[in-house]
Amino acid sequence: MIVILEPDLGGQEATVAAVRTAAARFPGLTVRPYEFKGTTHRFAEVHLLGPTAGVPAEPFERLPGVRQVVRVSAKYRLIGRHGRGETAGFEHHGVRIDDASVHVFAGLCAVDTPAHVDAMMAALAREGVVTTRMGAYKPRSSPYDFQGLGKECLPWVFESAGRHGIKLIAMEATDASHLDEIEDALERAGQPTGVMIQIGTRNAQNYELLKQVGRRQEFPVLFKRGMGITLEESLNACEYIASEGNARIVFCLRGVKSHLGEPHRNLVDFAHVPVVRRQTRLPVCIDPSHSVGTGLAAPDGLPDIFHATAQGVVAGAAAVLVDFHPQPACALCDGGQALTLAMLGPLLDHVRRMRAAYEASVAACPAVA
Ligand code: PEP
Ligand code: MN
């Protein structure tokens, strides 16, 4: 059961205390208050856990400061939308991620050399982009493939980010110790940039990792949909992160494994953008690179990655995660799907055009009850 307080409530503590007192009349209930920051409002809720079936809503509904009481049967207690207004965006290191705009996290799938990292960051800075992706810890299908440079590269990656004004880096962690390494490197470098921890598709059901990431409030999380599990299972995995205390989660669609996706690497699943937005309050990201998996272009000249990007952005995605490399032929991981730096400007223009089309369509469409 969720007791939703009025947004931006003054005297919130008094209402939470009153909910606690009312809940104490029902044996076995656990009371957990939560707070979320939307784009324009602050939301607070008190969750009542335990044997709530026989607990009436009325004593909670009539408390001053309570807007609504929702019975949540089971699913997505924290991340679920449950009729609760705005998407739960967040701000990290000066970058706000929510439904109001699209951020493009363009960067290297795998960090390889300082020169490549610097060239990438410089290209982003020239375009006014402050978000990137940089893989230091790579989960590879073969143990003989390049595994990423790990913590060794963090000092120069963060230094370069700071020098080029990059504010937020999406970086995968495959083990909780990587969070300590990232935190330590950021501190040593003087916090020149922020990091959003990426949970890769292969770890989508690594519940111990999810719980540990959930306990680390200092990093927002980019969670990638599990490639071979249902959407519901992936959303439950996000609920694990949130239930440990970290609700700053972006849900990333990256395609699902199916031979029916061939000749693409995965079957593009961006039709699920509106589904995730309806079912949850999480901002949605799309990863056209790992979905499509090839740099090939259509006869119209646009790479398949551009076409897939269009599908996601036109459906209301809040972020795009996309592989670039200054010299794709030399990339140590996923070079075949990396776009060249010459494509950065065109991709950003493409995203802007698709976003404008999305906003125009939303504005033109009569509200559906
Ligand atoms: C990645 O983004 O570098 C990656 C490994 O993606 P995924 O987990 O979606 O395969
Ligand atoms: Mn990759």
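Tutor: Let us begin with a single residue of this predicted model: D184 has a relative accessible area of 36% and is therefore partly exposed.

Student: How should I read that percentage, and is R188 buried or exposed?

Tutor: The bounds are under 20% for buried and over 50% for exposed, with partly exposed in between. R188, with a relative accessible area of 69%, is therefore exposed.

Student: With which residue does R188 form a salt bridge?

Tutor: The general idea is that side chains of opposite charge can pair when their charged atoms come close. In this structure the partner of R188 is D184, and their closest N and O atoms are 2.9 Å apart. Both belong to helix α5 (residues 176-189), where they stand four residues apart and are therefore separated by about one helical turn.

Student: What are the accessibilities of E58 and R62?

Tutor: E58 has a relative accessibility of 41%, which makes it partly exposed, whereas R62 is exposed at 56%. The side chains of E58 and R62 also meet in a salt bridge, at 2.7 Å from N to O.

Student: Which residue forms a salt bridge with K224, and are the two buried or exposed?

Tutor: The partner of K224 is D287, with the closest N and O atoms 2.6 Å apart. D287 sits in the loop between β13 (284-286) and α9 (288-292), while K224 is in strand β11 (residues 221-224), so this pair ties together parts that lie 63 residues apart in sequence. D287 and K224 are both buried.

Student: How many salt bridges does the count give, and which residues are linked in a network?

Tutor: The count, which takes a side-chain nitrogen of Lys or Arg within 4 Å of a carboxyl oxygen of Asp or Glu, comes to 21 salt bridges. A network of salt bridges links D180, E183, R216 and E218.

Student: Turning to pockets, what is the volume of the largest pocket, and which residues lie nearest its centre?

Tutor: A pocket can be read through its volume, its lining and its place in the chain. Here the largest pocket has a volume of about 370 Å³. Its lining comprises 16 residues, and E35, F36, K37, A247 and R248 are the ones nearest the centre. The elements that contribute two or more residues to this lining are β2 (30-37) and β5 (90-92), and β2 gives the most, with four residues. By class, the lining has seven nonpolar, four polar and five charged residues.

Student: Why does the largest pocket lie between domain 1 and domain 2?

Tutor: Domain 1 (2-70) and domain 2 (90-364) both give residues to the lining of the largest pocket, and therefore the pocket lies between them.

Notes:
Residues numbered from 1 in each chain as written. Chains lettered and ligands numbered in written order. Predicted model: local features only at pLDDT ≥ 70, side-chain atom pairs only at ≥ 80, totals over all residues. Heavy atoms only, no water. 1 Å grid on protein atoms, 1.4 Å probe; cavity = no way out; pocket = protein on both sides within 12 Å on 5 of 7 lines; lining within 4 Å. Points joined across faces, edges and corners; volume = space filled by probe spheres on them. Nonpolar A, V, L, I, M, F, W, Y, C, P; charged D, E, K, R; others polar. Domains from an automatic or database assignment. Buried < 20%, exposed > 50% of the residue type's maximum accessible area, 1.4 Å probe, protein only.
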